[in-house]
Amino acid sequence: MRKEIIILLSMVLLFGCDAYLDEAPDNRQTISTLDDVAELLVSAYSEATYNFVEWKTDNVVEIKDNVQLPWMTEVFSYVPAVSEEAQDTPTFFWNETYTAIAHSNQALEELSNIQTSDTQLKNALRGEALITRAYNHFMLANVFCLHYSEQNKNALGLPYITAPETQLKVAYDRGTLEATYNLIEKDLLEALPLLSDEFYTGTGKFHFNRNAAFAFASRFYLFKRNYEKCIEYSNKLLGAGVANTTFMRNIEEVYTGSFTEQANNFIDVNLPANLLVVRKESFYDRINRGYRANVNLFLGLFRTKVQAGGDNRLSGYTQGTDAAAPPKYNELFEFTTATSGFGYFIMPELRGEEVVLNRMESYVRLNRLDDALNDYNAIAPIWYDDGGQLTIDQIVAFFGGTNQEALLDFIIFERRKEFLYEGLRWFDIKRLELEIYHVIRSDSDGNVIEDVTLTENDSRKAVQIPASPLANGIEANPRN
């Protein structure tokens, strides 16, 4: 349930002030106990999905029979999405995610004023507030900034908000990407020893439990290119030995029944693979809207494999007129009146399969090829009918290049398949500096009318800051 709390904070220049000054301050919620803080932190998880970035990837194409609203084409074409600010748009993600950060900051301030003997709960709440602040800034940075690298570390970062805002006008400096990452890391490392799994019985997957925190740390250090640290935090979830399947979903068990049943199986909070699940206001799951994989792209992706046997992940896909999708989301609907409301779904935002692939990639980056291959062969029987026992020679024969290059290409390809429609492919495209080509419009015979190429280090890989924060003084992303 959404809880409206009137908090004057970073909203003034980040969004514009009018909407946040329409109600009297007397309507604000009074926070006086740890239970109040816990309730406040329910809203520290962004209700906006970043999955619109999937439409920027090589996983999607123009689907002529689909509904393509102007903002969807703007996203697909790598131009600012200015025609809409509602669900699923970059502006909605910016606004909702900074709102979530606001709740983290308010919780931290209130905790500093609460005197209690229950230091364990107080520390756990502080840890949750810190890690939600870190994670939300991290996701904003990976959408609205360039990828982290030695070359890009002095590029623009994002306003890192660390306290509730009490002034009407505040000048926000974006700083550098390196500074943003340093602040994320500081919050993450401070949060990790404070988190506890004892206080959210039955709802722990909707909060940053310890396993979810390790998964976030694994992703953070992979993206920061600190591969030793990525392995260290991945090991805290997986153990130091060969990967086990504890935190991976059994595809044959998940992809059974109707599409709705399969999607419900995929997002099941009881699955060990789902480490953090978040409610998202979205219509993204509707296969007849937006840019999608067509059937040829989808089948080609999952039928291209080094491993013998069929890919079990192919078995659950659904098909529209020309679009195809795996059963990962199941739309629900919340009525705000008798006849209107908004769609939402439950999203596994951090999951165990990612941690395994993060560690495999880090092993390869450090030239620990046997460790990476051993991890793959341990988990491959889940993905493939005849999975397991691949050799380096087989992978090199398929991908070419050196042993290290071929194994890296192999892991990145498995990441692409595993996270289809989840947005992570876009972040890989950015950090791996891949070139992407989109046909924006074609005629009935397939002749290209309009197209666009996104180059390896294209400045458009940093999504443009939304119009309202730009108008209120936030520096725009440069374009080359």
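**A small sheet and the chain around it**

Strands E3 and E4, the latter spanning residues 323-325, are paired in the antiparallel sense over two bridges. This pairing comes from a predicted model, and it offers a handy place to begin a tour. Within it, Thr318 stands opposite Ala325 in E4. The pair belongs to an open sheet of three strands, which runs in the order E2-E4-E3 with antiparallel pairing. Strand E2 (293-294) and strand E3 (318-319) lie at the edges of this sheet; each has a single partner strand, so one side of each is left without a neighbour there.

Stepping back from the sheet, the protein chain as a whole contains 17 helices and eight strands. Its overall dimensions come next. Along the principal axes, the C-alpha atoms fill a box of roughly 65 × 55 × 50 Å. The radius of gyration of the protein chain is 22 Å, which agrees with the value near 23 Å expected for a compact globule because the chain has 480 residues.

The contacts and the surface add to this picture. Among contacts in the protein chain with a separation of 6 or more, 73% join residues that are 24 or more positions apart. Of the 480 residues, 57% count as buried. The protein chain exposes about 19200 Å², and 48% of that area is supplied by carbon and sulfur atoms.

Charge rounds off the description. The protein chain carries 43 positive and 68 negative charges, and the mean positions of these two groups are 3 Å apart.

How values were computed: Residues numbered from 1 in each chain as written. Predicted model: local features only at pLDDT ≥ 70, side-chain atom pairs only at ≥ 80, totals over all residues. Heavy atoms only, no water. Helix = DSSP H or I, 4+ residues; strand = E, 2+ residues; numbered from the N terminus. Rg over C-alpha atoms; globule rule 2.2 N^0.38 Å. Buried < 20%, exposed > 50% of the residue type's maximum accessible area, 1.4 Å probe, protein only. Contact = heavy atoms within 4.5 Å. Areas by Shrake-Rupley, 256 points an atom, 1.4 Å probe, with all protein chains shown as cover. Lys, Arg positive; Asp, Glu negative; His and termini not counted. Charge placed at Lys NZ, Arg CZ, Asp CG, Glu CD. Pairing = 2+ DSSP bridges.
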